[in-house]
Amino acid sequence: MNLPRARHRWNISPKKAVLLQRRLASEVMDTPLESPPRRVAGGDVSVTQDGSGLIAGWVVWDVKNATVLETVVARQPARFPYVPGLLSFREAPSLIAAARKLVCEPDVFMMDGQGLAHPRRFGIACHFGVLIDRPTLGCAKSRLCGIHDTPADAVGASKPLHHEGQLLGRVVRTRPGVNPVYVSIGHRIALADAIRLTLKCCTKFRLPEPCRLAHQLVTKVRMNAP
DNA sequence: GCGACAG
DNA sequence: ATCTTGTCGC
C-alpha cells in the first residue's frame, strides 16, 4: 500500500497526546462510503508476556466470497503505556507499520476499539483512519464512554450510544445470547455503513470475521515467537 | 472526593 | 491486553 508519510511523532507525553487528539479530531470525516465495500481489513494487536513487545496484524476479508485475501503482521517494541483514552498512541504505530506491508488495497479498515465513541471523539479508528487517509470504523468489545440501553436479543438489534448530548455510535447485537459490540465511525464512513458492514461480516461469531481472524493471527504469532 | 476506564 | 481451571451448552 502507498500510505501517506508520518504526520507526527508518537513518543510524546500523555498531556501532548490529548492536545494532538483535539487537533486531529477536526479532520474526521463522517461521510458515506463511495461504493459497496468488498475487501475489508480487520486489525488487532497482541502483547508479549513481558509487555515489551507488540505484534500487530491485518486480515483482509473478501465479503463477497467470505474468504481471506491477505494477511500481514509487524512487530514493534511497546513505546507507550495503555492509558484509557490514549490507546492509539500505544497501538496505532504498529498497525500502521503492518498496513504498509499490505499488497492489496482494502476498501475499509475495521479496528478493534472505538472510533468516534471516545471522550474527545478520536478513538484509535479515527486516529488510524485520519493518518492513513482511508475509510475506517471502530468495533469495540466494551464501552469506553457514553450511555445506552440494552439492545434486544436478536441479531441486528441495536441501541444508540450517547455522550454529552451527542450520538457517538450504536451498540449492536451480532449474535443472540452474547454481549453486543460498540460500533462507531472511524473516518470517511457513515455510521449506517459501519453497522451494515459489521453485521455483514459477522457470520458465526460475536466479532466480525476480519477482526476475529486478526486476533487469532497475532495471538498465534506471539505464541510461536516469544 | 469517588468511581469509571477501548486494549 | 495477559494469566488461568473448570464448566455449561450445542
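**View 1. Arg 134, a buried partner in a salt bridge.** In this predicted model, Arg 134 is buried, with a relative accessible area of just 13%. Its side chain meets that of Glu 105 in a salt bridge, 2.6 Å from N to O. Arg 134 sits in the loop between helix H3 (124–132) and strand E5 (136–140), while Glu 105 belongs to the loop between H2 and strand E4 (108–111), so the pair ties together parts that are 29 residues apart in sequence. Glu 105 is partly exposed, with a relative accessible area of 33%.

**View 2. Lys 141 and Asp 112, another loop-to-loop pair.** Here the side chains of Lys 141 and Asp 112 meet in a salt bridge, at 2.9 Å from N to O. Lys 141 comes from the loop between E5 and strand E6 (158–163) and Asp 112 from the loop between E4 and H3, so this contact links parts 29 residues apart in sequence. Lys 141 counts as partly exposed, at 38% relative accessibility.

**View 3. Asp 193 and Arg 196, a salt bridge inside helix H4.** The closest N and O atoms of Asp 193 and Arg 196 are 3.0 Å apart in this salt bridge. Both residues belong to helix H4 (residues 191–201), and because they are three residues apart, about one helical turn separates them. Asp 193 is buried, with a relative accessible area of 11%. If you want to go hunting for others, the structure holds ten salt bridges.

**View 4. The largest pocket and its lining.** About 340 Å³ of space lies in this pocket. Its lining is made up of 19 residues, and the ones nearest the centre are Tyr 82, Leu 87, Gly 113, Gln 114 and Ala 140. Helix H2 (residues 87–99) supplies the largest share of that lining, with three residues. Sorted by class, the lining has seven nonpolar, seven polar and five charged residues.

**View 5. The second largest pocket.** This one holds about 260 Å³ of space. Fourteen residues line the second largest pocket, and Leu 33, Glu 34, Asp 107, Pro 135 and Arg 188 lie nearest its centre. By class, its lining splits into seven nonpolar, two polar and five charged residues.

Key
Residues numbered from 1 in each chain as written. Chains lettered and ligands numbered in written order. Predicted model: local features only at pLDDT ≥ 70, side-chain atom pairs only at ≥ 80, totals over all residues. Heavy atoms only, no water. 1 Å grid on protein atoms, 1.4 Å probe; cavity = no way out; pocket = protein on both sides within 12 Å on 5 of 7 lines; lining within 4 Å. Points joined across faces, edges and corners; volume = space filled by probe spheres on them. Helix = DSSP H or I, 4+ residues; strand = E, 2+ residues; numbered from the N terminus. Nonpolar A, V, L, I, M, F, W, Y, C, P; charged D, E, K, R; others polar. Salt bridge = Lys/Arg side-chain N within 4 Å of Asp/Glu carboxyl O. Buried < 20%, exposed > 50% of the residue type's maximum accessible area, 1.4 Å probe, protein only.
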